[in-house]
Amino acid sequence: MEVKKVSLVYFSATDVDKKYALAMGNSISSDIIEYNFTLPENRDPAKAPKFGKDDFVIIALPVYGGRVPYFCLDYVNALKGEETPCVVVASYGNRHYDDALVEMEDIMTVNGFKVIAGAAVVGRHSFSDNIAGSRPDSKDLEGAAEFMKLVVAKEGNALSKGVIPGHRPYEVEGSKPGPMIPSTTDACIKCGICANNCPSGIISKEDPTKIVNEGKNCFLCHSCVTKCPVNAKVFNYDAYDQMIARCEAGFAKPDRENEFFM
């Protein structure tokens with residue numbers, strides 16, 4: 001199939017999905033348009049793009065509790081296609097992607113897209129450097145790029161149901177931790193990086209040591225933790241420490257391989 005322009009649609013709090021999406025898109029076209037809806041101001045469903053038959057869309061989302069994150073659903077459900085070829089990509093932190101990828105396939109199909117391929121890819125777990133901490137690495141990104149070349153080399157037919165693994169109806173989303181908000185240590189230099197990159201918009205841009213909206217919408221995405229240049233953002237909860245310990249004990253090793261479906 002011929003691909004001229006590629007549209008990348010992604011939510012990427014810690015840049016994993018962005019890296020994969022760019023590697024895939026740049027491998028098949030020099031004409032790339034990015035729809036990065038990570039920040040609250042970019043997540044207005046009324047402004048979600050519409051695509052035609054001649055467009056080509058790669059959508060990349062993180063996996064939360066084995067499903068598409070609830071905070072992505074309004075925007076993703078507002079995307080519209082017209083038999084638009086689409087590749088769905090789910091990134092996960094080395095545990096499993098469960099039903100997230102098949103859920104993405106179903107949403108995009110209902111919205112008028114023709115899902116021609118899918119990928120379940122591994123990235124650093126947002127909670128810990130000890131879980132796939134170096135992923136995606138160069139091998140991951142090269143493999144994703146080669147996969148896209150294979151996708152566009154074949155006829156652009158929609159995948160048959162069942163090629164992408166998952167349950168219908170979907171399994172219930174995994175349990176969520178109780179409400180938590182990040183704290184700020186004295187190391188903070190008030191650079192504002194955390195506030196300007198917070199997907200839930202709860203960190204004050206006037207004073208990044210403060211939380212607005214009482215932190216009710218914290219996604220535990222760890223954008224603030226991973227992007228802080230002086231490691232000043234932390235989560236001070238016993239339940240948080242226990243959760244990290246369970247994750248590291250359960251699926252820190254071995255590293256899982258990326259899976260591709262076409």
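1. A pocket, as the word is used here, is an open set of grid points where a 1.4 Å probe fits, with protein on both sides within 12 Å along at least five of seven lines, and its lining residues have an atom within 4 Å of a point. The structure discussed is a predicted model.

2. In that sense, the second largest pocket is lined by Met 1, Glu 2, Val 3, Lys 4, Lys 5, Lys 53, Asp 54, Asp 55, Phe 56 and Pro 85, and it holds about 190 Å³ of space. Its lining comprises six charged and four nonpolar residues, with no polar ones.

3. The largest pocket has a volume of about 1100 Å³ and a lining of 44 residues, among which Val 63, Tyr 64, Gly 65, His 125 and Phe 127 lie nearest its centre. By class, this lining has 21 nonpolar, 15 polar and eight charged residues. Helices H1 (16-26), H2 (70-78) and H7 (238-251), together with strand S4 (84-92), each supply at least two lining residues, and H7 gives the most, with six.

4. Six strands form an open sheet of mixed pairing, in the order S2-S1-S3-S4-S5-S8, with S2 (31-36) and S8 (259-261) as the edge strands, each paired on one side only. Neighbouring strands of the sheet are turned by 15 degrees against each other on average, direction ignored.

5. Within this sheet, S1 (residues 5-10) and S3 (residues 57-62) run parallel and are joined by four bridges; Val 9 has Ile 59 in S3 as its bridge partner. Helix H4 (residues 138-153) packs on the sheet, where it touches S3, S4, S5 (113-122) and S8, and its direction makes about 160 degrees with that of S5.

Terms used: Residues numbered from 1 in each chain as written. Predicted model: local features only at pLDDT ≥ 70, side-chain atom pairs only at ≥ 80, totals over all residues. Heavy atoms only, no water. 1 Å grid on protein atoms, 1.4 Å probe; cavity = no way out; pocket = protein on both sides within 12 Å on 5 of 7 lines; lining within 4 Å. Points joined across faces, edges and corners; volume = space filled by probe spheres on them. Nonpolar A, V, L, I, M, F, W, Y, C, P; charged D, E, K, R; others polar. Pairing = 2+ DSSP bridges. Axes fitted to C-alpha atoms, helices over the stretch in contact; angles between N-to-C directions. Contact = heavy atoms within 4.5 Å.
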